Amino acid sequence: MRYYGFFTKKAAQTLKGDRIMCRTYDDGHTIYLCNGYVLFKCTPADYDAIFRPALGRDPGDWSYNKGIDAVSPCDWDAAGMMEKSAQAATHKMERVALEFVTGGKPAAATIAEDRSFAALYNPAFLDAVENCDLFSAGKVNAAIYAREGDPVALIMPVKINEAQDRTIRAYVDAPEKED
(Lines give C-alpha, C1' and ligand atoms only; values in the text may rest on other atoms or scores of the structure.)
Protein backbone atom coordinates (compact mmCIF):
# COMPACT_ATOMS: atom_id res chain seq x y z
CA MET A 1 0.00 0.00 0.00
CA ARG A 2 1.42 3.38 -0.96
CA TYR A 3 2.04 5.82 1.88
CA TYR A 4 2.72 9.46 1.01
CA GLY A 5 4.07 10.41 4.42
CA PHE A 6 3.83 14.11 3.54
CA PHE A 7 1.32 15.04 6.23
CA THR A 8 2.31 16.22 9.67
CA LYS A 9 0.19 15.54 12.74
CA LYS A 10 -1.02 19.13 12.31
CA ALA A 11 -2.92 18.07 9.17
CA ALA A 12 -5.61 16.35 11.22
CA GLN A 13 -5.96 19.41 13.45
CA THR A 14 -6.79 21.58 10.42
CA LEU A 15 -9.84 19.41 9.73
CA LYS A 16 -11.33 19.88 13.16
CA GLY A 17 -14.22 22.21 12.69
CA ASP A 18 -17.80 22.57 11.66
CA ARG A 19 -17.66 21.22 8.11
CA ILE A 20 -15.71 18.28 6.75
CA MET A 21 -16.14 16.42 3.47
CA CYS A 22 -14.62 13.12 2.39
CA ARG A 23 -14.53 11.65 -1.10
CA THR A 24 -12.93 8.39 -2.26
CA TYR A 25 -11.71 7.39 -5.70
CA ASP A 26 -9.98 4.35 -7.21
CA ASP A 27 -11.99 1.88 -5.13
CA GLY A 28 -10.95 3.64 -1.93
CA HIS A 29 -7.23 3.83 -2.73
CA THR A 30 -7.29 7.64 -3.03
CA ILE A 31 -9.04 9.69 -0.36
CA TYR A 32 -9.75 13.43 -0.42
CA LEU A 33 -10.59 15.38 2.74
CA CYS A 34 -11.72 19.01 2.75
CA ASN A 35 -12.95 21.66 5.17
CA GLY A 36 -13.62 24.31 2.50
CA TYR A 37 -10.21 25.95 2.91
CA VAL A 38 -7.79 23.04 2.53
CA LEU A 39 -8.08 19.84 0.51
CA PHE A 40 -5.83 16.86 1.25
CA LYS A 41 -5.24 13.89 -1.06
CA CYS A 42 -4.13 10.81 0.82
CA THR A 43 -3.84 7.06 0.71
CA PRO A 44 -5.59 4.66 3.10
CA ALA A 45 -2.30 4.40 5.04
CA ASP A 46 -2.12 8.20 5.38
CA TYR A 47 -5.75 8.29 6.45
CA ASP A 48 -5.23 5.61 9.10
CA ALA A 49 -2.05 7.21 10.48
CA ILE A 50 -3.03 10.88 10.43
CA PHE A 51 -6.73 11.51 9.90
CA ARG A 52 -8.71 8.56 11.33
CA PRO A 53 -7.62 9.22 14.94
CA ALA A 54 -8.90 12.81 14.75
CA LEU A 55 -12.03 12.17 12.70
CA GLY A 56 -13.08 8.85 14.23
CA ARG A 57 -14.71 7.64 11.02
CA ASP A 58 -13.97 5.43 8.07
CA PRO A 59 -13.12 7.05 4.74
CA GLY A 60 -15.92 7.15 2.18
CA ASP A 61 -18.21 9.55 0.35
CA TRP A 62 -19.59 11.54 3.26
CA SER A 63 -19.85 15.01 4.65
CA TYR A 64 -21.00 16.53 7.87
CA ASN A 65 -21.71 20.01 9.06
CA LYS A 66 -21.62 20.91 12.76
CA GLY A 67 -21.56 17.23 13.68
CA ILE A 68 -24.62 16.32 11.59
CA ASP A 69 -24.18 13.85 8.74
CA ALA A 70 -25.35 15.05 5.35
CA VAL A 71 -28.49 13.47 4.00
CA SER A 72 -26.88 12.56 0.67
CA PRO A 73 -23.35 11.37 -0.02
CA CYS A 74 -20.71 13.81 -1.14
CA ASP A 75 -20.81 14.36 -4.90
CA TRP A 76 -18.17 17.06 -5.50
CA ASP A 77 -15.26 16.40 -7.85
CA ALA A 78 -12.32 16.68 -5.46
CA ALA A 79 -9.86 15.04 -7.88
CA GLY A 80 -10.86 17.36 -10.72
CA MET A 81 -10.63 20.44 -8.52
CA MET A 82 -7.15 19.55 -7.33
CA GLU A 83 -5.93 18.59 -10.80
CA LYS A 84 -7.22 21.80 -12.39
CA SER A 85 -5.57 23.92 -9.71
CA ALA A 86 -2.33 21.95 -9.98
CA GLN A 87 -2.16 22.52 -13.75
CA ALA A 88 -2.58 26.28 -13.27
CA ALA A 89 -0.09 26.54 -10.39
CA THR A 90 3.12 27.16 -12.31
CA HIS A 91 4.95 29.49 -9.91
CA LYS A 92 7.07 27.82 -7.26
CA MET A 93 6.52 29.57 -3.93
CA GLU A 94 8.84 30.27 -1.02
CA ARG A 95 7.63 30.73 2.53
CA VAL A 96 8.77 34.01 4.06
CA ALA A 97 9.44 34.42 7.79
CA LEU A 98 6.59 36.92 8.15
CA GLU A 99 3.08 36.51 9.48
CA PHE A 100 0.19 38.96 9.45
CA VAL A 101 -3.17 39.03 11.17
CA THR A 102 -5.93 39.33 8.60
CA GLY A 103 -9.54 39.31 9.68
CA GLY A 104 -8.43 38.29 13.16
CA LYS A 105 -6.65 35.16 11.87
CA PRO A 106 -2.97 34.50 11.19
CA ALA A 107 -1.71 34.62 7.61
CA ALA A 108 1.73 33.36 6.56
CA ALA A 109 3.63 35.16 3.82
CA THR A 110 4.86 33.45 0.66
CA ILE A 111 6.44 34.83 -2.50
CA ALA A 112 6.92 33.42 -5.98
CA GLU A 113 10.52 32.41 -6.68
CA ASP A 114 10.52 34.76 -9.67
CA ARG A 115 9.18 37.52 -7.35
CA SER A 116 6.18 38.13 -9.63
CA PHE A 117 3.71 38.09 -6.70
CA ALA A 118 3.31 37.56 -2.99
CA ALA A 119 0.48 35.59 -1.37
CA LEU A 120 -0.88 34.81 2.08
CA TYR A 121 -2.07 31.43 3.37
CA ASN A 122 -3.19 30.11 6.73
CA PRO A 123 0.02 28.98 8.47
CA ALA A 124 -1.71 25.95 10.01
CA PHE A 125 -2.47 24.70 6.49
CA LEU A 126 1.10 25.35 5.30
CA ASP A 127 2.46 23.49 8.36
CA ALA A 128 0.24 20.46 7.67
CA VAL A 129 2.44 19.23 4.80
CA GLU A 130 6.16 18.55 4.65
CA ASN A 131 8.72 17.43 2.07
CA CYS A 132 6.71 18.88 -0.82
CA ASP A 133 7.05 21.93 -3.04
CA LEU A 134 4.50 24.75 -2.92
CA PHE A 135 3.11 26.23 -6.14
CA SER A 136 0.50 28.84 -7.05
CA ALA A 137 -0.89 30.61 -10.10
CA GLY A 138 -1.25 34.01 -8.39
CA LYS A 139 -1.92 35.91 -5.20
CA VAL A 140 -5.65 35.16 -5.25
CA ASN A 141 -5.27 31.54 -6.36
CA ALA A 142 -5.08 28.35 -4.36
CA ALA A 143 -1.65 26.99 -3.53
CA ILE A 144 -0.78 23.40 -4.34
CA TYR A 145 1.64 21.24 -2.41
CA ALA A 146 3.12 18.69 -4.80
CA ARG A 147 5.84 16.10 -4.77
CA GLU A 148 7.37 15.20 -8.13
CA GLY A 149 4.34 16.64 -9.91
CA ASP A 150 1.78 14.76 -7.82
CA PRO A 151 -0.48 17.18 -5.91
CA VAL A 152 -1.17 16.22 -2.29
CA ALA A 153 -2.82 19.37 -0.89
CA LEU A 154 -4.69 22.45 -2.08
CA ILE A 155 -4.81 25.53 0.15
CA MET A 156 -7.11 28.49 -0.37
CA PRO A 157 -5.45 31.93 -0.09
CA VAL A 158 -6.03 34.65 2.47
CA LYS A 159 -6.79 38.01 0.88
CA ILE A 160 -3.63 40.11 0.62
CA ASN A 161 -3.64 43.91 0.50
CA GLU A 162 -1.11 46.21 -1.18
CA ALA A 163 0.60 47.15 2.11
CA GLN A 164 1.15 43.47 2.96
CA ASP A 165 2.45 42.82 -0.56
CA ARG A 166 4.93 45.72 -0.26
CA THR A 167 6.05 44.55 3.18
CA ILE A 168 6.73 41.01 1.95
CA ARG A 169 8.67 42.27 -1.07
CA ALA A 170 10.70 44.72 1.02
CA TYR A 171 11.51 41.99 3.54
CA VAL A 172 12.62 39.55 0.85
CA ASP A 173 14.60 42.17 -1.10
CA ALA A 174 16.29 43.77 1.92
CA PRO A 175 20.05 43.34 1.97
CA GLU A 176 21.33 41.04 4.69
CA LYS A 177 22.98 42.77 7.64
CA GLU A 178 26.60 42.08 8.29
CA ASP A 179 27.62 41.42 11.88
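**Exercise 1. Determine where T8 is found and whether T8 is buried or exposed.**

Solution. T8 is found in the segment before α1 (10-14); helices (H or I, at least four residues) and strands (E, at least two) are DSSP runs, numbered from the N terminus. The model is predicted: local features need pLDDT of at least 70, side-chain atom pairs count only at pLDDT 80 or more, and totals for chains, interfaces and linings use all residues. Residues are numbered from 1 along each chain as its sequence is written, and side-chain values use heavy atoms, with hydrogens and water left out.

Step 1. The relative accessible area of T8 is 15%, so T8 is buried. The classes are buried under 20% relative accessible area, exposed over 50%, and partly exposed in between (1.4 Å probe, protein chains only).

Step 2. Not counting residues up to four places away in sequence, T8 touches I50, D127, A128, V129 and E130; contact means heavy atoms within 4.5 Å.

**Exercise 2. Establish the strand order of the open sheet and identify its edges.**

Solution. Step 1. The 12 strands of the open sheet follow the order β5-β4-β1-β2-β3-β11-β10-β9-β6-β7-β8-β12, and the pairing is antiparallel. Two strands pair if DSSP finds at least two bridges between them.

Step 2. β5 (68-69) and β12 (157-158) each have a single partner strand and stand at the edges, so one side of each lacks a neighbour in the sheet.

Step 3. Specific pairings can then be examined. Strand β10 (residues 143-147) is joined by five bridges to strand β11 (residues 150-155), and the two run antiparallel. The bridge partner of A146 in β11 is P151.

Step 4. β6 pairs in the antiparallel sense with strand β9 (residues 133-136) over three bridges, and H91 stands opposite S136 in β9. With β7, β6 pairs in the antiparallel sense over seven bridges; here the bridge partner of R95 in β7 is T110.

**Exercise 3. Identify the residues with a positive phi in the hairpin of β6 and β7, just after α2, and in two further loops.**

Solution. Step 1. The hairpin of β6 and β7 has two residues between the strands, and G103 takes a positive phi near 60° there. Just after α2, G56 takes a positive phi of about 65°.

Step 2. Most residues other than glycine have a negative phi. R115, although not a glycine, has a positive phi of about 65°. R115 is found in the loop between β7 and β8 and, at 29% relative accessibility, counts as partly exposed.

Step 3. E148 is not a glycine either, and has a positive phi of about 50°. The loop between β10 and β11 holds E148, which at 78% relative accessibility counts as exposed.

**Exercise 4. Describe the nonpolar cores and the part that α2 plays in the largest.**

Solution. Step 1. A nonpolar core is a set of buried Ala, Val, Leu, Ile, Met, Phe, Trp, Tyr and Cys residues joined through side-chain atoms within 4.5 Å. The largest such core has 35 residues, and those with the most contacts inside it are F7, L33, F40, F51, L55, V129 and Y145. Helix α2 (residues 44-55) gives the most to this core, with four residues.

Step 2. Not counting residues up to four places away in sequence, F51 touches F7, A11, A12, L15, L33, F40, C42 and D46. Apart from this core lies another, of 13 residues, among them Y25, C34, A142 and A146.

Step 3. The buried residues of α2 are P44, D46, Y47, I50, F51 and L55. They cover an arc of only 155° around the axis, which puts them on the same side of α2; the arc is that of the directions from the helix axis to the C-beta atoms. These buried residues pack against α1, β1, β2, β3 and β4 (62-65).

**Exercise 5. Analyse how α5 packs on the sheet and which residues of α5 are buried.**

Solution. Step 1. Helix α3 (residues 78-88) lies across β1 (19-25), β2 (30-34), β3 (38-42), β10 and β11, running at about 95° to β11. Helix α5 (residues 162-173) also packs on the sheet, touching β6 (91-102), β7 (105-112) and β8 (118-121), and its direction makes about 120° with that of β6. Axes are lines fitted to C-alpha atoms, for helices over the stretch in contact, and angles run from 0 to 180 degrees between N-to-C directions.

Step 2. The buried residues of α5 are Q164, D165 and I168. Seen down the axis of α5, they fall within an arc of 105°, so they line one face of the helix.

Step 3. The cover over these buried residues includes β6, β7 and β8. The face of α5 turned away from its buried side carries the exposed residues R166 and D173.
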